[in-house]
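Let's take a walk through a protein model together, going from one residue outward to the whole chain. Keep the structure in view and look for each part as we come to it.

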Amino acid sequence: MTTVILVVMCVVVGALELYAGKQSKDQANAFTRRIEQLNEQVTKQNNVLVTVGEQLTAELSRVKQDVLPALDDRLRHSSGQVDELAARVHEADDHLRTQAARLQDLEQQRVTLAALRRKLAEVEASVRAVTGAGAEAVEGKVDAALDRLAELERGGAEILVLQRTLTRTLEAVEDVVAELLRFTEGRLDDTVAAALTGRPYAPAAALTQSPAADAGVTATGRLWTRDEQLQDILTDLYERCVRANRLDVRFRTVEGTEGPATGSAERYRYFLGGQDAEDLAGAFSALLISTGADLPRNGPASGAGRRGLARVEPGLPSGVTPSRPPEDEAALKALLRALFESAGAVAQIGPLMAVRTRDELLCAVLTAPQSLELESDEVFWDPATATVRLRGLPSHQLWDLTAWAATS
């Protein structure tokens, strides 16, 4: 029995060993197959990695050959631009500092210029009171003003609105100084001519409130307009009218804007010579009164009368208009038309006074007492007040040119 059990056990053990061996062989075969599959996958991945490595190598080579040199050039160019920009920033900073210093200098020059203008006002007052023997003192003051002006010019003016304002002011001062010099030179020329011809030189008989009493100045003039855009045009037409009436501008001054006249436009004061006030009154009356065709006085003309300035030249039949108006008539017409285009203006040439308000244009020929009265009351610069005063004049001295200017 025991033998049988042993034999059975041996058979079982052998069967188990055979099964275990078979299982081990199957496992070994499966492991081998798995190893082979893994080997194939590793080979494929290795091939893929080799391909990717070759592509990366080629791309890296291209980057080294093309991209990196371009990046280096761009970096160098950008560095140069940064350096240039930094240099420009430094230059701008230096320029700003320079301009700030110039602005401070110009402010100092403005203060100096204000003092110079006050000095020139004193010179003007001295010129009014000077006689022939005092011409050298006036010339000395003018030389001092020219020296101050030369110092201002050496300083320079180069900054925005302050520069332009200073330049215009300097030009106005130069004009005043030049006109004062011409006036003084005229006085000296008269004195030299009197010495050479042996005829005594007659200075002013007496000093009065008007500069017309001074030698060489026979009439005064004024010009002001509320419209700054018309200032230059009116100035040119005014001086052309002065020359057309055989007058010379001895000198011109610019007065302040304080007073009844409002606005920022400059107020010009003229000192004229060449004709007496009485002769000027007759000449202007002849311009305003036409032969056979008077201007409408103090209102519209009656009937179908002619509205305008007209003067029949000597030698022409009555009613025949010359082909070309005389120079003084054309100049006066041009000045009056320009005054009419303004919203407010005053123009005076000796006894002639033209006033433009927003509603009307009046023209009058004043006598010497009337001119002195208006000047004493300081109504020359106020168109509204001047119009009221002119309306009180006799009808033969006043002309309402509103209708004429509107239709001409």
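Start at Thr225, which sits in strand β1 (residues 219–225). Helices (H or I, at least four residues) and strands (E, at least two) are DSSP runs, numbered from the N terminus. Before going on, a word on the source: this is a predicted model, in which local features need pLDDT of at least 70, side-chain atom pairs count only at pLDDT 80 or more, and totals for chains, interfaces and linings use all residues. Residues are numbered from 1 along each chain as its sequence is written, and side-chain values use heavy atoms, with hydrogens and water left out.

Is Thr225 buried or exposed? Its relative accessible area is 1%, so Thr225 is buried. Here buried means under 20% relative accessible area, exposed means over 50%, and partly exposed is in between (1.4 Å probe, protein chains only).

Now look at what surrounds the side chain of Thr225. A polar atom of this side chain lies 3.2 Å from the backbone nitrogen of Asp227, and a polar atom of it lies 3.5 Å from the backbone oxygen of Gly344. The side chain of Thr225 also makes a polar contact of 2.9 Å with the side chain of Ser342. A polar contact is a pair of N or O atoms within 3.5 Å; within protein, one must be able to donate a hydrogen and the other to accept it, and residues adjacent in sequence count only if both atoms are side-chain atoms.

Follow that contact to Ser342, in the loop between α6 and β6 (345–349). With 3% relative accessibility, Ser342 counts as buried. Leaving out residues up to four places away in sequence, Ser342 touches Thr225, Arg226, Asp227, Leu230 and Arg356, where contact means heavy atoms within 4.5 Å.

Next comes helix α4 (231–244). Its 14 residues should span 20 Å at 1.5 Å a residue, and its end C-alpha atoms are indeed 20 Å apart; the expected span is 1.5 Å times one less than the number of residues. Which residues of α4 are buried? They are Gln231, Leu234, Thr235, Leu237, Tyr238, Cys241, Val242 and Ala244. These buried residues pack against β1, β2, β3 (267–273), α6 and β6.

Just after α4, Arg246 takes a positive phi of about 60°, although it is not a glycine. Most residues other than glycine have a negative phi. Arg246 is found in the loop between α4 and β2 (248–255), and this residue is exposed, with a relative accessible area of 56%.

Tyr238 of α4 leads us to the largest nonpolar core. This core has 37 residues, and those with the most contacts inside it are Tyr238, Leu335, Leu339 and Ile349. Helix α6 (residues 327–340) gives the most to this core, with 7 residues. A nonpolar core is a set of buried Ala, Val, Leu, Ile, Met, Phe, Trp, Tyr and Cys residues joined through side-chain atoms within 4.5 Å. Beyond its neighbours up to four places away in sequence, Leu339 touches Leu234, Ala345, Ala347, Ala354, Arg356 and Leu361. A second, separate core of 15 residues includes Trp224, Val355, Leu362 and Ala386. In soluble globular proteins, nonpolar side chains tend to be buried together.

Helix α5 (residues 277–288) has 12 residues. Its buried residues are Leu280, Ala281, Phe284, Leu287 and Leu288. They cover an arc of only 125° around the axis, so they are on the same side of α5; the arc is that of the directions from the helix axis to the C-beta atoms.

From α5 we can cross to Val365, in strand β8 (residues 361–365). Val365 is buried, at 7% relative accessible area. Val365 and Ser285 are 80 residues apart in sequence and 6.8 Å apart in space, C-alpha to C-alpha. Among the residues that Val365 touches are Ala281, Phe284, Ser285 and Leu288.

Finally, step back to the whole protein. Its secondary structure comes to 9 helices and 9 strands, and buried residues make up 33% of its 408 residues. Among contacts between residues at least 6 apart in sequence, 68% join residues at least 24 apart.
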